[in-house]
Amino acid sequence: MLKIEDLSVRYFTKKGVVHAVDNVSLEVRRGEALALVGESGSGKSTLGFAIMRMVPPPGRIVKGSIILGDRDLMELSEEEMREIRGSQVSMIFQDPFTTLDPLRRVNDIVAEVMIEHGIDEGEAKERATYLLRRVGIPERLVDAYPHQLSGGQKQRVAIAAAIAMNPSLLIADEPTTALDVIVQRQIMDLLDEIRKDMGMILITHDIALALERADRICVMYAGKVMEVADKEMMKEPMHPYTKGLLSSLPKLLSSEWPSSIPGMPPDLREPPKGCRFHPRCSEAMDICREEAPGLFSVDGRLVSCWLYGR
Amino acid sequence: MSIRGNLFLISGIVIVASIVIMSILADYIAPFSYDEVAGPPISPPNGVNLMGTDNLGYDVWSRIVYGSRSVLFVVFTSIILSAAIGIPLGLISGYIGGKLDKALSFIMDSIYAFPSLVLAIALAVVLGPSPVNAAIAIAIVYVPTYFRMVRGQVLSVKNEPFIEVNRALGLPLARMLFKHILPHVAPTIMVVFSLSSTDAVLTEAALSFLGLSVQPPTPDWGYELYKGKGFLLSGAWWMVFFPGLMITLLAMGFALMSEGLSKGEREAI
């Protein structure tokens, strides 16, 4: 359904060119939840914005294609892309406290999306009320202003607005990070329940959340895809970076300290030669310093590591 | 923002509203027509001519009442015109940014760099003396005030996350500007609106003083002031005093309104 091929995004800052997303290829199948996991600066959010063609300046998509359905989003005009946003691809953001216009009633916020995508006003308002009820906003709050809602309720409104046009792809950029754990669970449950056959890209730094909620997981590091595998397979990772990520999770029933990956993520203005992870990798070989590995297909998963390819 | 207890705002509104009512009901309020000999020329205030008569024997009070019409016409036309140009330009310039913003800002700053009165006079001279041209001249002078204020506010509002969300939901530019950014800028616009009206009153008076607005015998406060100036030394203070008082009063009314509005806005925050 969504197919990203060879996508590169760079930020042309005054201090140099940041290679934020580098030659990423990725696929999201119909109805599937794909988690993009990585630490800050791994390019996962940039990738999300790139799919919306909303990379903030000075960033630019320098190459690649983003094929949604049978159309390459890279070839659309800005106006055609605007029509796609909200109707075929939608996005939910991290902080619901600032992502709703404080001067508009929640019903209008949801209805507005539909009105702008060609549904007439009366029908849009009715459908907005229905959607708000479906995401769990009590009837009496339909005409409330955002400041009258709790954080979780705000995120529910944002979800209602994002799915109002029944898009085929929903990008959720850290949708629960600003919320407390109980509400996090409720919001994730709601997303699972409401999206049905919508594909979802769940952008998160929380690999535990990804393991729990996603069908497939894509691990990113320094703008590159490291490993893509089904949820079950990801519990037994192959890539040294993914192994490091998983062993850094604290374990409730173990006296062991979680281990950490030594070193810091690289400066993406001058990414390391060869594999971008090699300076921190315990299993680095000579070839890792020289040549970047491709994505090797191993036992039904994709791994970008010389340990598994030649 | 509540009006109750906001003395500045209330008194400003009362002053401006009374003058507006005066202009609407001029036919009933003025005892004489504005070009009707109502007594001996240059007679001081008396029972018949409350504010005396001018050098032609016209009733000063009646000319002030009718004069409010041309004053208010020029003032309101000019501020509405400059708001209608300055606000959309400020919204677009601030939101889109880039080269367009640089070019527009440069033009606006160039206009702003002129002393406003000098520029208004120059424009009025070029356009030719008439109330409409005076309004256009004043409007051009105050466009940059709206532009700068609105642009500045847009720059801060456009970085709010909800704007990015609206973009992600595919809202078009016009809706974004007028439904999501303008409401956040509106309180500031109100303040600029009443503030620039104060200036517009004084500029209008100056233009009409110089004969660049309405033409005689139509009355206008600035022109009355000019007419009375010649007789001031012979002791006819009323021909200058009353029109001057009205100009001051109207300007003060708008100033009080703007003070009240900005006070209300500060308290609302």
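Me: Which residues of helix 3 of chain A meet helix 5 of chain A, and which residues do they meet there?

Reply: In this predicted model, Val106(A), Ile109(A), Val110(A) and Val113(A) are the residues on the helix 3 side, and in helix 5 of chain A they meet Val157(A), Ala160(A) and Ala161(A). By class, the residues of this contact divide into 7 nonpolar, no polar and no charged.

Me: What makes helix 3 of chain A roughly parallel to helix 5 of chain A?

Reply: The two helices, the second of which spans residues 151-163, pack at an angle of about 20°, with their axes 8 Å apart. Angles under 35 degrees count as roughly parallel, and therefore helix 3 of chain A is described as roughly parallel to helix 5 of chain A. In passing helix 5 of chain A, helix 3 of chain A makes a right-handed crossing.

Me: Which elements of chain A supply residues to the side that touches chain B?

Reply: The contact takes 21 residues from chain A and 14 residues from chain B. On the side of chain A, helix 2 (78-84), strand 6 (89-92) and helix 3 (106-116) each supply at least two residues, and helix 3 of chain A gives the most, with 3 residues. That side of chain A has, by class, 8 nonpolar, 6 polar and 7 charged residues.

Me: Why is strand 3 of chain A called largely enclosed by the rest of the structure?

Reply: A residue counts as buried if 20 or more other C-beta atoms lie within 10 Å of its own, and 5 of the 5 residues of strand 3 (residues 33-37) of chain A are buried, so the strand is largely enclosed by the rest of the structure. Ala33(A), Ala35(A) and Val37(A) point one way from this strand, whereas Leu34(A) and Leu36(A) point the other way, and all are buried. In a regular strand the side chains alternate between the two faces of the sheet.

Me: How do you know that strand 3 of chain A pairs with strand 8 of chain A, and what is the number of bridges to strand 9 of chain A?

Reply: At least two bridges are needed for two strands to pair, and 5 bridges join strand 3 of chain A to strand 8 (residues 199-204) of chain A, the two running parallel. The bridge partner of Val37(A) in strand 8 of chain A is Thr204(A). To strand 9 (residues 216-221) of chain A, strand 3 of chain A is joined by 4 bridges, again in a parallel arrangement, and Leu36(A) stands opposite Cys218(A) in strand 9 of chain A.

Me: What makes strand 2 and strand 5 of chain A the edge strands of their sheet?

Reply: The sheet in question is an open one of 4 strands in chain A, in the order 2-1-4-5 and with antiparallel pairing. Strand 2 (16-28) and strand 5 (71-72) of chain A are its edge strands, as each pairs on one side only. Within the sheet, 8 bridges join strand 1 (residues 2-13) of chain A to strand 4 (residues 59-68) of chain A, which run antiparallel, and Arg10(A) stands opposite Arg60(A) in strand 4 of chain A. Helix 1 (residues 44-51) of chain A lies across strand 1, strand 2 and strand 4 of chain A, running at about 70° to strand 2 of chain A.

Me: Why is Arg53(A) called partly exposed, whereas Asp299(A) counts as exposed?

Reply: A residue is exposed with 12 or fewer other C-beta atoms within 10 Å and buried with 20 or more, and is partly exposed in between. Arg53(A) has 17 such atoms within 10 Å, and therefore Arg53(A) is partly exposed; Asp299(A), with 9 C-beta neighbours inside 10 Å, therefore counts as exposed. Arg53(A), which is not a glycine, has a positive phi of about 55° and lies in the loop between helix 1 and strand 4 of chain A. Phi of Asp299(A) is also positive, near 45°, and the residue is placed in the loop between strand 11 (296-298) and strand 12 (301-303) of chain A.

Me: Where in chain A is Pro58(A) found, and what is the peptide bond that leads to it?

Reply: Pro58(A) is found in the loop between helix 1 and strand 4 of chain A, and the peptide bond from Pro57(A) to Pro58(A) is cis, with omega near 5°.

Methods. Residues numbered from 1 in each chain as written. Chains lettered and ligands numbered in written order. Predicted model: local features only at pLDDT ≥ 70, side-chain atom pairs only at ≥ 80, totals over all residues. Contact = placed C-beta atoms within 7 Å. Nonpolar A, V, L, I, M, F, W, Y, C, P; charged D, E, K, R; others polar. Axes fitted to C-alpha atoms, helices over the stretch in contact; angles between N-to-C directions. Parallel < 35°, antiparallel > 145°, perpendicular 65-115°, else oblique. Left-handed = near helix turned anticlockwise from the far one by under 90°.
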